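Here's a quick tour of one model, taking in a barrel, a buried residue and a pocket. Have the viewer open as you read.

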Amino acid sequence: MQKKPFFVLHFSEFLLAFLLVLSGVMMSFSSGGFILNFKQIGFNIFSTAENGISAVARAAQSSFNAVKELAELRKQYAILVEKLKDYEYMQRSNSEIRKENARLKEQLDFAQSLAVKNFPANIISRGADNLYSTIVVNKGARNGVRKNMPVIAIQNGNIGIVGKVITVGYTTAQIMPVFDYNSAISARVQNTRDIGLVTGNGSDSLPLKMGYIKKRVIDELRFGDVIVTSGENENYPADIPIGTISHVQVLDYDTSLAIELDPIIDFSRLETVLVIDRKTPNDKAKDGGEGDAL
């Protein structure tokens, strides 16, 4: 015999239960007391997304601004580098101008102190070979320069013999420097007043030679002693420094000492000279000064 089910859910009862549940849910939504507030959930989702998008946008804007600022900084850096180069160039130029002005003032003051007429000149070229050397200056016959005029210079406060004029053009002149093989200058040891002859070795990088100084005075000579012009010929005025003693050698076969001199003038740095006219007084000469003897 078949048993009947203990509990049977009829359609009407199911419908009634469904309606009761639905009514409860609807009442919960309308009163806001339902655990899941879908409105709040939606707001949170959209606000979070909005914040994320805003953060991404801000980050992108910040990156764009950083790139732009970096490009601007590089541009300003390049401009500053160029300005710095211009400033350094101006500093060098100003320094060179100051040095040149100092040299010119030194020469001008010395030229005005000389008792005899003189012609300041710039070196415009140099020529040298194994047997002959010349210095060409930008003063010539038009300015009053004549052959055999002595040439001196002042360099770093030191006065020294450069050489003598050997050829004169209309606007230029050639000078034979003291280091030339053909140069020979009557000279004295400034301290002892012994007289000898200074000749060149053919190059401004080699020492000058002094001969005809007797061996008996060797104990009176000192390294660094100044050798000056003797003034015993018409080519050079007296007591103008030529060089300083750098080496003394005793030769068995010679009665004279072999003396080497370092020139007073550094010819590798020489830029300006004074051509001296010993026969004409200097109308612009200042009273006193080192050049009175010239």
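## Strands and bridges

First, a bit of vocabulary: two strands pair if DSSP finds at least two bridges between them. Keep in mind that this is a predicted model.

With that in hand, take strand β10, residues 241-250: β10 and β11 pair in the antiparallel sense over seven bridges. For one of the residues involved, look at Thr244, whose bridge partner in β11 is Asp262.

## The barrel

Zoom out and you'll find six strands closing into a barrel, with antiparallel pairing. Going round, the order is β6-β7-β8-β11-β10-β9. From one strand to the next, the twist averages 40°.

## Ser256

Strand β11 spans residues 256-263, and Ser256 sits in it. Is Ser256 buried or exposed? Its relative accessible area is 7%, so Ser256 counts as buried, the cut-off being under 20%.

What does Ser256 touch, leaving out residues up to four places away in sequence? The contacts are Tyr212, Ile213 and Lys215.

## The second largest pocket

Now for the second largest pocket, with a volume of about 250 Å³. Its lining draws at least two residues from each of α2 (38-113), β1 (116-128) and β12 (272-281). β1 gives the most, with four residues.

Chemically, the lining is a mix: five nonpolar residues, four polar and three charged. If you want to pick the lining out in the viewer, it includes Leu108, Gln112, Lys117, Phe119, Thr280, Asp283 and Lys284.

Methods: Residues are numbered from 1 along each chain as its sequence is written. This is a predicted model: local features need pLDDT of at least 70, side-chain atom pairs count only at pLDDT 80 or more; totals for chains, interfaces and linings use all residues. Side-chain values use heavy atoms; hydrogens and water are left out. On a 1 Å grid over the protein atoms alone, a cavity is a set of points where a 1.4 Å probe fits but cannot get out, and a pocket is an open set with protein on both sides within 12 Å along at least five of seven lines; lining residues have an atom within 4 Å of a point. Grid points are joined across faces, edges and corners, and a volume is the space filled by probe spheres set on the points. Ala, Val, Leu, Ile, Met, Phe, Trp, Tyr, Cys and Pro count as nonpolar, Asp, Glu, Lys and Arg as charged, and the others, Gly among them, as polar. Buried means under 20% relative accessible area, exposed over 50%, partly exposed in between (1.4 Å probe, protein chains only). Contact means heavy atoms within 4.5 Å. Axes are lines fitted to C-alpha atoms, for helices over the stretch in contact, and angles run from 0 to 180 degrees between N-to-C directions.
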